Structure formats: C-alpha cells, structure tokens
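User: I have a structure to read and have not seen it before. Please take me through its features one at a time.

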Amino acid sequence: MPFFDVQRTVDRLLNSRIAIVGAGNLCVLFLRFISSPEFRKNRITLLGIADVNDEAPGMQIARERGVPTFTDYRKLFALEGLQMLLEMTDDPVLGQLLRQQIPDGIEVVDHFQGRAVSDFVLVALQRERGQRELKEKQHGPEEIRPVIERYYERLVQILERRNQRSYDIEMELVEKERTLSQIIQGSTIPTFVIDRNHRVTHWNKAVERLTGHEAEAMVGTGKQWSPFYGQQRPTMADAILDQVGEEEIRSLYANWRKSALIEGAYEAEGFFPSLGEDGKWCWFTAAPIKAPDGTLIGAIETLWDKTEDKRAEQEKERYTRLLEDTAAALAKSEETMKQIIQGSTIPTFVIDQGHRITHWNKAVERLTGLEAENMVGTGKQWSPFYGQQRPTMADVILDQVGEEEIRSLYANWRKSALIEGAYEAEGFFPKLGEDGKWCWFTAAPIKAPDGTIIGAIETLWDKTEDKLAEEEREQHTKELTALCSIYTALGAPWELHNRIHEAIRETQKFLDADSVCYFILDGDKQFRLLYNIGGTDRNCQEGMLADADSMVQRVTQSNQVTIFEHLPDDPVPEIRELNDAGYRSLAYIPLSAKESTAIGLIRLGSQTPGHFSSENRNVLELIGNRMGAAVENALLQEEVIKSEETYRSLFNNDPNPIFILDSTSREILDFNQRARDAYGYERDELVSTPFLRLGGDEEVEEGIRDLALGGSLLFTKKRHYRKDGSDFFVNLNVSRAQYGESDVLIATTTDITETVEKETQLIQASKMTTLGQMAAGIAHEINQPLNVIQVCADFLTKMLKRGNTISEEDLQSVAEDIGGNVQRASAIIQHMRDFSRQSEVVRRPVNLNEPIQDVFKVLGYQLKNHRVELDLNLAPDLPDILADHNRLEQVFINLVTNGLDAIEEKTSLAEYADAPRRIAIQTRVAAGEVVVSVSDTGIGMTEETRSKIFEPFYTTKEVGKGTGLGVSISYGIIKDYQGAIDVETEVGKGTTFHLRFPVAPKEKSSIHGQDPAH
C-alpha cells in the first residue's frame, strides 16, 4: 500500500470543492469541523452528500444547511467543479468501486484515510483554539494549564475512539472465528483450513482420527503436509492458495480435476502410505476462501477415506481379469464355467456370439430383479438397464465397435488398464431398484484358442452408496466454503448493514437465487424490507412493510426456516403475487440468535420449481442464526458501550448460574445474581475461592485443566453444595475464552435435581418390579433356612415330650443349625433391604465381581427352577471402577432376567426343546478397561429388535410380562458411569452383552463439600 501523507491531504482538502459519500457518525463529526469558527477561514466548499439511507443524521444536517443530498452516490460525479470525494461509509468494497468509477481529475479519500484526516483536523483545531486563548490571556502557569489539559483531553478522546474501534473489530473477529470453528469442528468429514500465510487455523476431530495428528500439534504451524507425505511439499489447499497453474498441479497430482460444484476448487485422488498401518486411499477437495472483495485469504480442504472402495474396485478388476483369463480355457467345460460364475458374489452375465445370454448369476438376479430362467437364451440383456433396446457394454465388446460409437453410448468410459480388449464405464440406471442405481461395469471379450471372439462377459458393481457419499461430500465442501465466505463477510470490520449486505450476496451466489429480500425489525416492531437483490416485483420494493397476514410475519412468528419447493395455491396475497411475478420456489430464513423471536428475515426466490428443498434446511438455519447473531451482537454491543449496568443486568438475569474463573488457578473471579441465589453465598465469600469447592471430582478437575482456548466441555450429573451444606445435582458446562484481556473459564451450571430424582424414582420402580417378579424365588430362599429351623424345633419338642434326654453333642448341633440358618435368612432379608433401598447418584470404587455375585442371592432359585446352568468366570484382582454397587446389581439382574426369558422362549419351541440352557458371565481387563460379558443361549434377536432394545418401553414380551424399561434403564446407568454397552446376537443361537467401564483412578480426589469461605 502506498504511503499516505495526512498533512498533504489536509492541505488539499482545506482548499477544495468536496463531496461526501456516507452520512453516518464520521460525516456528522466532519460537518461539525467545517462549521467551527476556526474552520470557516479555510476555503472549502461542500457540494453534496450521498447515502443509501435518506434519514441518516448527516443527510438531515446537510439539508438544514442547504447542501444537496442524494441516495445514489454516482450523482455526485456530475457536480460542477468537484475536486475531492470523501468516502465515510466503513465499506472497503465501496472505496474500491469509487476509485474505479470516479471521473479523471477527482481525488478519492477513502474511510481509512478519512479517519486519519478527521483526527488530524480535530487536533489542529484544538491547537488553534489553544493558541487563540493564550494570545488573549497572560502566559502564566495557571492560564496555560487548562489549555494544555483540553488539548490533552482531545488527544485522549481520539485515542479512546481508535482503541474502541480496534476492540470492536477484534471482538467481531473473535465471534466469527468461534462460530466458524464450531461448524468445522462439528463436521464428521475430515477438514482443515489454512490462512493466507499457509498456517493451519482449523484441524477438526475427524481429520485428527484420520491422520493421528492432534489439532494441538497442527494449528498455528505450516505442517499440514506432514501426515500425508514423507517430505515437505504442497497440499491441495496450498496449491489453491498459491493459484498455481494446471501444469504444476498435474505434476503434484496425477488424478485430479476441477470441481463441478465449487468455483476455483480442485479435486484429486491419491494413496498416502503414512496414514494408518498400511496406508490409505483418499479423495480430497480443496476450495478457496475469499474476502468479500475477492481477495484470497485462505483455503479449506476436506478428505474422504476411500480405502475400502479402492480395495473393492481392485477385487472387482482382479475377478474380471480372472474370468477373462480362464474363460477361453473353460469354454469347453460349460459346467465348470457355470459354477464359477454362479458362485461369484459380483453381478455377472455372459453372452455368446449371437448376443444371447448364456449365464446370468444370482448376484445379477438380485441387482436387477430378473431371474436367470427368464433371461438365459434371450437377447434381452439390455432390458433391466434401459427403457428401450440398445447395446450393453458386452454387446459393444462383441461387435468390436469404434471408440466414437462407444462414446455416443457411454459418456464416462475408458479402456481397462488390466484386461486387453476390455472396457469400463460408469452410469446411472433409473430402472434398477426403486430410485435407480449408479453402477460401474466392465466388459471383456471371451476368445477361442485361435483368438476368435466367441462371447463377452460383463460384471457390474453397485456404486450407488459411494456416489451418494461423494455427492454428499461435495455438497458438504460447497456448504463449508460458502459458510466461510459468509462468515468472513459478517466478521469484516465494517458497519453492520454493509456486512449483512455482503453476506446476503454470498448467500445468493451460493444458492443461485434469482432474488433475495432482507427484512429487519424496525423501532415500531414491524418488518421492513431494507434492501433487495434481483427483485423487481411489488413485493420486493425497499422500504415496504410486511402485512400482518403475510408469510414474512408467519415465518418470523414461528422462527422456523420455511421452504416452498413448489408455490401452493395459498390465500396469502404475498404468495399469490410472487407466483404471478414468476417465482416457483421460495425459502424464508428467520434471523435469530439467542432470543426465541426473529429480529429479521431473508426471503430467497427462484423461478425454477424445486430449486429450494428440505435438504437446504440445515445450512439455511446456520446462515440465519449467524446473521441473526451478527445483528443481535451489534445491537448488544451498542448497549454494552452505553452502560456497564446493561452488561451486569444481562449477566445477572441469565436463568442459569454463571461463574467467571481464572483459567490457571480456577479461582472464582465473578459470578451472577442467579449463582448467588442458587448457592447462597455473598460476593465476598466466593470471589478468589476455588470453584471446585462448590462441587466436583477428578473428571471435572482434569477436564478443565486441559481445556484449550475456544473449547468447551459438558459434565453431567455433578453434585454441588450450597452454603448451608445441602446438595443438588447440576449439568456443568465449562468454556475457555478471552474475557477482556484475561484468559478465563466460563462455567455455567443448570439445576437438574428434579430430573435426577425422577430418574432415581424410575430406577427404584424398576427394582420394585424386579423384586415382585422374583418373589417366588426369594420366598424359596427364605423357606429353606426356615425349614431347617422347623426340623430342629420339631426334634427338640419330640424329645422333650417323650422325656428323652438330649445329649450335649445333639444339643450343640441343633443350636448351630438354628443359628446358622437364622443368619442365612437374616442375610437374605438384609440383602433384599439393601437392594430395595433408593440408590444415590454417587460414584465410589466398586469391584464389579461383587454386584455380579450378589445377583444370584436373588436369582439363584430362578436358575435352578428353570434348569439353567450358570458359568461364572470372574477375574481375580479385578481393578475397581467408579460406580454404585446397588445400581450395578440392578443392571446385571436385568440382563440375567432377560437371558432367562430368552432361554425359556427358545426351549418352548419344539425344534429347540433339547437346546443347552446356559448363562455365562465373564469379567476381565482389556485395553485399559474393565469388561463384563453376559451371554445366554436363548432365542437371540433380529436386527430390528437389536437396534431398538435401548429405547424406553420397547419390549418383545407379551402384554403384562414386561415394561420395556429394564435394558433402557441399564443403558442409562452404564452411561452415567462413563461406560459403554455393545450387543452381539444371532437368531436361534443367543445373545451376548459386552459392558466396558474405565478403570477408577488409584487416588480419588476429595475436593468438594468444603465451605468455600474457609
């Protein structure tokens, strides 16, 4: 950028005929300058002012002073004698346009230069005022001091305004970066972003999993090449950023092409030996990220693991080549050849010299829905694929047609690299399946020993899922690229309306809309059309208000993206009029952020039916939320600047307790009124106190200690304590952010005590149900010791009635039997008491073997009664996990009971009457986790049942024999203890549940329950 000489510009300005574009605050300040007494002596003439907003404050002042005003800045160019044009709009794009459009001989001072000029003039005016005052007064210290102080105050005001603007810009950039990071991090597609200096700015979780390189080691570096190549070389994103030519790209990537969806983007395929154990094949797309003025400011690259697809393709080619190599030799052995083709899982058919089908295997029957008996011997090989008769690839091979004719039949074809005389192609066949299928197919000649072609063999490969995945990936990349551009526009250091306007242009370009209308909620709580792009009908006139019954009002009230793929016969006048104007598809995007009500709306129109569809909904919601956030943040920022009390009000009125913590010491720096009410502490009792004293455990302590800037963590069901010692349960969300100049943690707690209590009640009800179902078994377990006591009592009674003397040895034996069985019955009753008590949401060190063994104090009789063999294989010295004994016992009772029911269901069938009846439980340590496997030899589950077993109230039992809550509750309990549960099952063979839990730390931290004030 060339050097800008402020003094020279001011000198020319003070002796020029000027005009101003932009009538905002900067313009008002400048008008005050030129109307001041010190300024009037300068020869300057203001010829006119232009602004798109006719009610802007500078426009009103100009009209009061008789200065011409315009809403089209180009009309200023015609003003007679114009020498200098001052652009004061905060819009760098407009500054560029002015320089391109301005007639020769007129100088342009853009808004960056204009701010410097304004500050310079302001200081100069203050200097002149000071000099005048000093001339009028004596030059003593007391008279000089006020003049100097005013001069100093004016400089401070300029610095404060500059710093405030820098702060506003920085906050906008932070918000843009945070939102963009959330989108990229939330993507399941491996994605990274680099900036204009080739440094990594984003490296999401998916690319971490693909490459094994964590974001912490990549972000901020230029090492994006390192996971993929043995030595430094450009990635596709680097090539995009450097705008290299096609020749250089070809030298880097042999198999590349321009993206059909994204302008300026490239796609390629390659093998990366450094990824994984044996390397990976990846398909990757890189796209440019541009500023609103078209400047390239970064690049985004997405990757797709194609290793399995590549292996499948190689297997297909190997199979086709095998068939081609052996076809001639096997031609005389028709039966052998038939067996090979029929036994293949790859759809295959063969035709002879007369173009008649000789083989049509099971796989091609499944693909096409046509059976061999209806195809073999006919020439109808075309019928499953085309609407009318035309050659298949096998027919083309047999006829040996030229390349020109092949090209007319198959646009996307090539010669096989593996099989001489074979061709390959890809195509979509609308007749296959319900919605058509994409297939990759290969046809090869079958030759006699003398080289004569005696037939052709064609194999097909269903590529529909791959094609859909590829289209989804390309669409995802297009969406990410568009969102980057939109967010870049929204984060630019301009006035709000310029940012929104540029973001809407990016939205129109991304969605290829014919028109875009932007409505905003005005001071009268009505939605006014602020401006439009491409709209010409009466429903797109700037300044118009949306009617009370319009679709604009309906959508903003519902605050939901609304899409009309085809305009309905709607009584709403707005829809009728848009239909009459030629629109056939509409999308309404409410602009909203934190509040539930919309503060604006974007209406997109297209003259093509179905142009907008429900598939666009997610990305439209993201755009609406981000624009809404930009508008809302701008409004909030104005309010915050006005008063610190506004900030404190927002902070205190949040419905959840919020704490601001020092990121290093985790001490409380600030908290809101809701936190004071919920926890019962006054400000001086909590400030500078460790936050974890309110409640926490080792998981929370470790999580927030390692939390990266911009990251956030959610901890569920944590016990916190009030000042009076009472406890309650919360979900704790902790984010790390910049708070002013400080690096802080923002902790928000949500009281979920009522939810936890209801969950506990549900678990308790389930336990009571279990006890009711086990009543017979429990009665049997208690009856056994009672029977022994009764026998002993009968023996003593009979001996006493007969007058017989009871020996000391018999007496001692009877007493021991009675005492032992009393203890046994007491232990059973005590265990029932322990099991039936309401368990707490706590985590203590527990050896998993113990609740498993206690299960059979309740279910031992049921196992015997059902003649079920129990196989316990419990590992000794099993490490503890953090859980609750009582709740874990409920989990294993549910699993064992279900296993008993499954065995009974199976053996009730005649074909399984003699099947084994066994339940096996094994505990072990694997991969640093405690693992439990619960197996049964029951009836097993279908895939549909397996997919639904964790859903509440889902049961396969008869009405009255099951609630469907057992497995669902077990699943919730396991998740509460950071565990996982997997299911292996096969109909007729049985089911195995695998439960995995993290090992408990050796030393459990004790950090909660202390009085924070001490």
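Analyst: What follows goes from the whole chain to single strands, a helix, a cavity and the cysteines. Keep in mind that this is a predicted model.

User: How many helices and strands are there in the chain?

Analyst: The chain has 33 helices and 34 strands. It counts 1014 residues, of which 48% are buried. Contacts can also be sorted by distance along the sequence. Among those between residues at least 6 apart, 57% join residues at least 24 apart.

User: Which strands are joined to strand β1 by bridges?

Analyst: Look for the bridges, then for the direction. β1 and strand β2 (residues 45–50) run parallel and are joined by five bridges. With strand β4 (residues 84–87), β1 is also parallel, and four bridges join the two. A19 can serve as a marker: G48 stands opposite A19 in β2, and L85 is the bridge partner of A19 in β4.

User: Why is β1 described as largely enclosed by the rest of the structure?

Analyst: Count its buried residues, those with under 20% relative accessible area. β1 covers residues 17–21, and four of these five residues are buried, so the rest of the structure largely encloses the strand.

User: In which sense do β16 and β17 pair?

Analyst: Strand β16 (residues 437–447) pairs with β17 in the antiparallel sense, over nine bridges. One facing pair there is W440 and W461, the latter in β17. The two strands form a hairpin with five residues between them, and in that hairpin G451 has a positive phi near 95°.

User: Which other strand do bridges join to β17, and how many residues of β17 are buried?

Analyst: Strand β12 (residues 348–352) is joined to β17 by five bridges, and these two strands run antiparallel. F349 has E458 of β17 as its bridge partner. β17 spans residues 453–462 and is mostly covered, with seven of its 10 residues buried.

User: How do I read a helix, and which residues of α20 are buried?

Analyst: An α-helix has 3.6 residues a turn, so residues three or four places apart point the same way. Helix α20 covers residues 551–558, and its buried residues are M551, V552, Q553, V555 and T556.

User: What do the buried residues of α20 pack against, and what follows the helix?

Analyst: They pack against strands and a helix: β18 (515–521), β19 (527–533), β20 (562–564), α21 (573–580), β21 (585–591) and β22 (600–606). N559 follows α20 and has a positive phi, near 55°.

User: How is empty space found, and how many cavities of 30 Å³ or more does the structure hold?

Analyst: Rolling a probe the size of a water molecule over the atoms shows where empty space is left. The structure holds three cavities of 30 Å³ or more. The second largest has about 50 Å³ of space.

User: Which residues line the second largest cavity?

Analyst: Its lining consists of F228, Y229, T235, M236, Y253, F272, F284, E301 and L303. By class, seven of the lining residues are nonpolar, one is polar and one is charged.

User: How many disulfides does a search of the whole structure find?

Analyst: A disulfide is a covalent bond between the sulfur atoms of two cysteines. The search of the whole structure finds zero disulfides. Cysteines can still be read by their burial. C282 is buried, with a relative accessible area of 0%. C439 also counts as buried, at 0% relative accessibility.

Key: Residues are numbered from 1 along each chain as its sequence is written. This is a predicted model: local features need pLDDT of at least 70, side-chain atom pairs count only at pLDDT 80 or more; totals for chains, interfaces and linings use all residues. Side-chain values use heavy atoms; hydrogens and water are left out. Buried means under 20% relative accessible area, exposed over 50%, partly exposed in between (1.4 Å probe, protein chains only). Two strands pair if DSSP finds at least two bridges between them. Contact means heavy atoms within 4.5 Å. On a 1 Å grid over the protein atoms alone, a cavity is a set of points where a 1.4 Å probe fits but cannot get out, and a pocket is an open set with protein on both sides within 12 Å along at least five of seven lines; lining residues have an atom within 4 Å of a point. Grid points are joined across faces, edges and corners, and a volume is the space filled by probe spheres set on the points. Ala, Val, Leu, Ile, Met, Phe, Trp, Tyr, Cys and Pro count as nonpolar, Asp, Glu, Lys and Arg as charged, and the others, Gly among them, as polar. A disulfide is a pair of cysteine sulfur atoms within 2.5 Å.
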